[in-house]
Amino acid sequence: MISPVIMCGNNIQNAFALIYAFSIITLLSVAVASFIPKKLPYAIKITAYAVISSFIYIPIRVLSSEIYPDSIENIGIYFPLLAVNSLIVYQTEVRFFKLSRLNMLTNLVFYIFGFDVVILITAFIREMFGSGTINSNVVDIDFIVSGISQPFGGFILLGLMCGLYRKIRAISANEKNNTEVK
């Protein structure tokens, strides 16, 4: 699911379009797919999940084109990929459907929220330092790195953010272990 973030998450407008579509498509697709009988063969269930998300994708695409016309054109092929993201196709079977429906929906909402936060932070940083704007409004910043708004800049930024996240988790785990030992 990182390809839309890397390729298209270079400004706030694209980020909002991705957040809007990803959140609605994923939430509705997983919620509807949860009613598919668990006794069906795995391949049929996975295919059904993709079909359900594709049917949900169609009206979301139409609405998104009305709300974010420029962004949808900029996002291009990465927009349809939202309909077959790993949360819908893989995580539903492996993780979500092993939980009660309420726990599944709660867990799903937090997964979606996590993606939304990452795309928003990434787009904010890339737009601010890549073009000196925030939501297409010029900001007074002297440090512009135009490459950060390019796909390779997205890869580098996400790599740095993942490294920072792992470092924070390691520090947190060490503090927890030290507290438990005492």
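The accessible surface of the protein amounts to about 10,700 Å², and 67% of this area belongs to carbon and sulfur atoms. The model described here is a predicted one. Of the 182 residues of the protein, 38% count as buried, and the C-alpha trace spans about 60 × 60 × 25 Å along its principal axes. The protein contains 7 helices and 2 strands, which follow one another along the sequence in the pattern α-α-α-α-α-α-β-β-α. Among contacts between residues at least 6 apart in sequence, 68% join residues at least 24 apart.

Two of the helices may be described by their span. Helix α3, made up of residues 42-67, has 26 residues and reaches 37 Å from its first C-alpha to its last, which is close to the 38 Å expected at 1.5 Å a residue. Helix α3 nevertheless bends by about 25 degrees at tyrosine 57, and proline 59 follows within four residues. Helix α6, made up of residues 101-131, has 31 residues and a reach of 44 Å between its first and last C-alpha, close to the 45 Å expected at 1.5 Å a residue. Glycine 132, with a positive phi near 75 degrees, follows α6.

Burial can be followed in α3 and at one position of α2. In α3 the buried residues are Lys45, Ile46, Tyr49, Ile52, Ser53, Ile56, Tyr57, Ile60 and Ser64, so that tyrosine 57, where the helix bends, is itself among the buried residues. In an α-helix there are 3.6 residues a turn, so residues three or four places apart point the same way. The cover over the buried residues of α3 includes α2 (12-33), α4 (69-75) and α5 (86-94). Within helix α2 lies threonine 26, which counts as buried because its relative accessibility is 0%, below the 20% limit for burial. Apart from neighbours within four places in sequence, threonine 26 is in contact with Asn85, Leu87, Ile88, Leu108 and Ile112.

At the surface, a nonpolar patch of about 570 Å² is formed by Ile2, Phe152, Phe155, Ile156 and Leu160. Helix α7, which comprises residues 151-181, gives the most to this patch, with 4 residues. Phenylalanine 155, a member of the patch, is placed in helix α7 and is classed as exposed because its relative accessible area is 53%, above the 50% limit for exposure.

Notes:
Residues numbered from 1 in each chain as written. Predicted model: local features only at pLDDT ≥ 70, side-chain atom pairs only at ≥ 80, totals over all residues. Heavy atoms only, no water. Expected span 1.5 Å × (residues − 1). Patch = residues over 30% accessible without salt bridge, like charges linked within 9 Å, V, L, I, M, F, W, Y side chains within 5 Å. Areas by Shrake-Rupley, 256 points an atom, 1.4 Å probe, with all protein chains shown as cover. Salt bridge = Lys/Arg side-chain N within 4 Å of Asp/Glu carboxyl O. Buried < 20%, exposed > 50% of the residue type's maximum accessible area, 1.4 Å probe, protein only. Bend = angle between axes of the 7 residues up to and from the residue. Contact = heavy atoms within 4.5 Å.
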